[in-house]
Structures are given as C-alpha cells and as structure tokens.
Amino acid sequence: MIYFFYGDEEFNISNEIKKFKDKLDKDFIEMSYKYFNNPKFPDLVAAIKSQPMMFGKMLLEINCLSYLSGKSAEDGVLDDKQIKQITEALEGVSENLDIIFVAQLPPDSQKKIDKRKKFFKVLSKYNAKEFPQIPSYKTAELESWIKQQGILKDLKLSDTVVSEMLIQIGSNLRLLDSELEKLKIFAGDNPVTIDMVKEICVTNEDLFAFADFLILENKSKALVEYQKLLIKKHPLEILSVLHTLLHSKIQIKANSAKHNADEIAKIINMHPYRVKLELQKLKNISLKNLVKLKENLTEAEYKIKSGQANLDIDREIEYAILQ
C-alpha cells in the first residue's frame, strides 16, 4: 500500500508513522524498515521497486519534501519522463510493501508544499492525508485535541484542567502529549486536578521572566534569573527556548507597525491574548535591539557547538547577555 502524509504538524505525522512501525516484526526491524531522506531520482525509483524478503511486511518511509517544494531540477523538480517512471513503479508495488511518502514542513519554514506539482498529484491518488498544525489561537480545537489524547490514555480531564494545560504548556502537541503521559503516572485512576498540572507539568514562566529582563536591558536581574535557571536546566536548553521566545518577539515587533494584535496572531500563529501582552511589553523596545540580542546569542551558540568557545558554556551565554 502507498500512503502520502504531508503538512506542518510533525507530532501527528510521526504518530501515524509509528502505528505502521509498531506492526513490524521487532526481531527484523533493521531489515523491514528503511528510511530515505529526499533521495536522488534513481534511488527514489529503486526504493519504490524494493522487494520484501522472507520476514513479511516491509515499510519504507520516504521524505520527499524537496520534490514538492523545490523550484529547479537541482532542487528535485521532476520532468514528465521521470513522473512517468515513478507512476509505473508505484503501480507495481508489492503487496507486502508499505511505502509512506512524507512531506513535513519544519517549524518556521519558508518553504511551501506546491500542490500544483505533478508529483503531488500522483501521490494524492493514493492514501493521502494532510496534517496541518493547529494555530494557537484556535483554543477550542486544541482543547478538543487534549481531551481526545486524554481519552486514549484513560485520563480524567475536566474542562478547567484542559484550559489550564493549554495556558501553562502552550500549543506544541508533542509537549502536550508528553505532559499528559506524566499526569497519567501521577494521577493514576484519579481525576487530574489543576494543582497537579501546576506541580507536574512544565512551565516556561521562569524563562519568560528571564527574557523580559533581557529585552528591557535590565542585565543585573537577567543574570540573577539566568543563574536560577542553571540549577534546573542545561545552558543550551535555556538558549534554545530563548531563541524561540526572541523569534516571536521580533516577529510581533516587526509586524506591529502595520497590523493589530488579532492580525499578528494569525500571521505568526500565536494566541491573540499573548500577542496583546507582548505588544505592551515591547512598546518602548526597539526592533534593532531585539535583533542584536538574538545575533549575540546565535554567535554564542555557534561558538559553543563548533568548539570555538573561549569560556565555559554557561559563561559564554552570560557574556552574550552582557554585550
């Protein structure tokens, strides 16, 4: 069977693929499952023509994003002759072979899946399913997703608990699912309470406070918060979240000249209430300073990961903060 999963919600796509992998014989997983990352055309055709061996079902996962988002032959654009070869190869796929074509857009990607491409139309004839990311401003849809995952995990979740999870954790489905797993262990057969969510589930409140002091250029308080965070988190983990927070703030500030809070929320996929709060905080902050701060942190991260840092990891980040 041939399947085609595409969209920008990585967690749901991964979950769907996992269902197929779980059905494979665990003793032969290295032989029965193969992954191809945007293979060259000859390798793509060869993969489609693969023949399962004696251990039963075989699963191929083929990341084909470059074929659906590229604009030139070098980027993976297929001509009519190549499309014909692929079509013929797909028509002859073995009964014991499952092929999942995946086109998952990474977060904040500038790429788009071009549904006009002939390759997209070929794949769409099979078991095609789109997995769109749920925008953070669509709270009802996100709360419904949390409730559904809770049912699958035999969790007892009230509406107020679900709302609290969304407020505290955010709209990242993978993180939400991870926190539901933790709540299952903690709550057992008992109903989940708001106190459990506050005690057990991850929160980035401390990181938010750290980021706020940074953008306000209150460096002494920022350093105090940074030292507190080091007790709980690795410096690179702090840096990763800080990059994400700064990216959002830069987007909000850059769009604030031409758009209101509701419009910005839709543009950057953030809850309108959070955007309004951020606009208030950023009112007297220049876009230039925000960009400079992010550049300093990016340079620090590069030095750390490339082995060029002259200081310890935590000190390198501290130096970037003080610049």
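In helix α9, the buried residues are L173, L176, D177, E179, L180, L183 and A187. These residues lie on the same side of α9, because the arc they cover around the axis is only 165°. The model in which this helix is described is a predicted one. Helix α9 runs over residues 173-187, which makes 15 residues. From the first C-alpha to the last, α9 reaches 20 Å, close to the 21 Å expected at 1.5 Å a residue. The elements that cover the buried residues of α9 include α1, α7, α8 (159-169) and α10 (194-200). Directly after α9 comes G188, and its phi is positive, near 65°.

The chain as a whole has 323 residues, of which 43% count as buried. It contains 17 helices and 5 strands. Along the principal axes, the C-alpha trace spans about 65 × 50 × 45 Å. Among the contacts in the chain with a separation of 6 or more, 70% are between residues 24 or more positions apart.

A second helix with buried residues on one side is α3, which spans residues 41-48. Its buried residues are F41, L44, V45, A47 and I48. They are placed on the same side of α3, since they cover an arc of only 160° around the axis. The buried residues of α3 pack against helices and strands alike: the strands are β2, β3 (58-63) and β4 (97-104), and the helices are α4 (65-69), α5 (80-91) and α6 (118-124). V45, a residue of helix α3, has a relative accessible area of 9% and is therefore buried, the cut-off being under 20%. V45 and Q85 are separated by 40 residues in sequence, yet their C-alpha atoms are 7.6 Å apart in space.

The loop that leads from β2 (33-37) to α3 holds N38. This residue is not a glycine, but its phi is positive, near 45°. The relative accessible area of N38 is 26%, so this residue is partly exposed. A positive phi is also found at D154, where the value is about 60° although the residue is not a glycine. D154 belongs to the loop between α7 and α8. With a relative accessible area of 58%, D154 is exposed, because the cut-off for that class is over 50%.

Helix α1, named above among the elements that cover the buried residues of α9, also contributes to a pocket. The second largest pocket has a volume of about 340 Å³. Its lining is made up of N12, N15, E16, K18, K19, K129, E130, F131, P132, W145, Q149 and L152. Three elements, α1, β5 (127-131) and α7 (139-152), each supply at least two residues of this lining. The largest share, 5 residues, comes from α1. By class, the lining of the second largest pocket consists of 5 charged, 4 nonpolar and 3 polar residues.

One of the residues lining this pocket is E16, which is located in helix α1 (residues 10-21). E16 has a relative accessible area of 17%, and so it is buried, the limit being under 20%. When residues up to four places away in sequence are not counted, E16 touches F5 and F131. F131 is itself among the residues that line the second largest pocket.

Further along the chain, helix α13 (residues 235-255) contains L242. The relative accessible area of L242 is 1%, so the residue is buried. Apart from neighbours within four places in sequence, L242 is in contact with F210, A211, L214 and L297. L242 and F208 are 34 residues apart in sequence, and the distance between them in space is 8.5 Å, C-alpha to C-alpha.

How values were computed:
Residues numbered from 1 in each chain as written. Predicted model: local features only at pLDDT ≥ 70, side-chain atom pairs only at ≥ 80, totals over all residues. Heavy atoms only, no water. Helix = DSSP H or I, 4+ residues; strand = E, 2+ residues; numbered from the N terminus. Buried < 20%, exposed > 50% of the residue type's maximum accessible area, 1.4 Å probe, protein only. Contact = heavy atoms within 4.5 Å. 1 Å grid on protein atoms, 1.4 Å probe; cavity = no way out; pocket = protein on both sides within 12 Å on 5 of 7 lines; lining within 4 Å. Points joined across faces, edges and corners; volume = space filled by probe spheres on them. Nonpolar A, V, L, I, M, F, W, Y, C, P; charged D, E, K, R; others polar. Expected span 1.5 Å × (residues − 1). Arc of directions from axis to C-beta.
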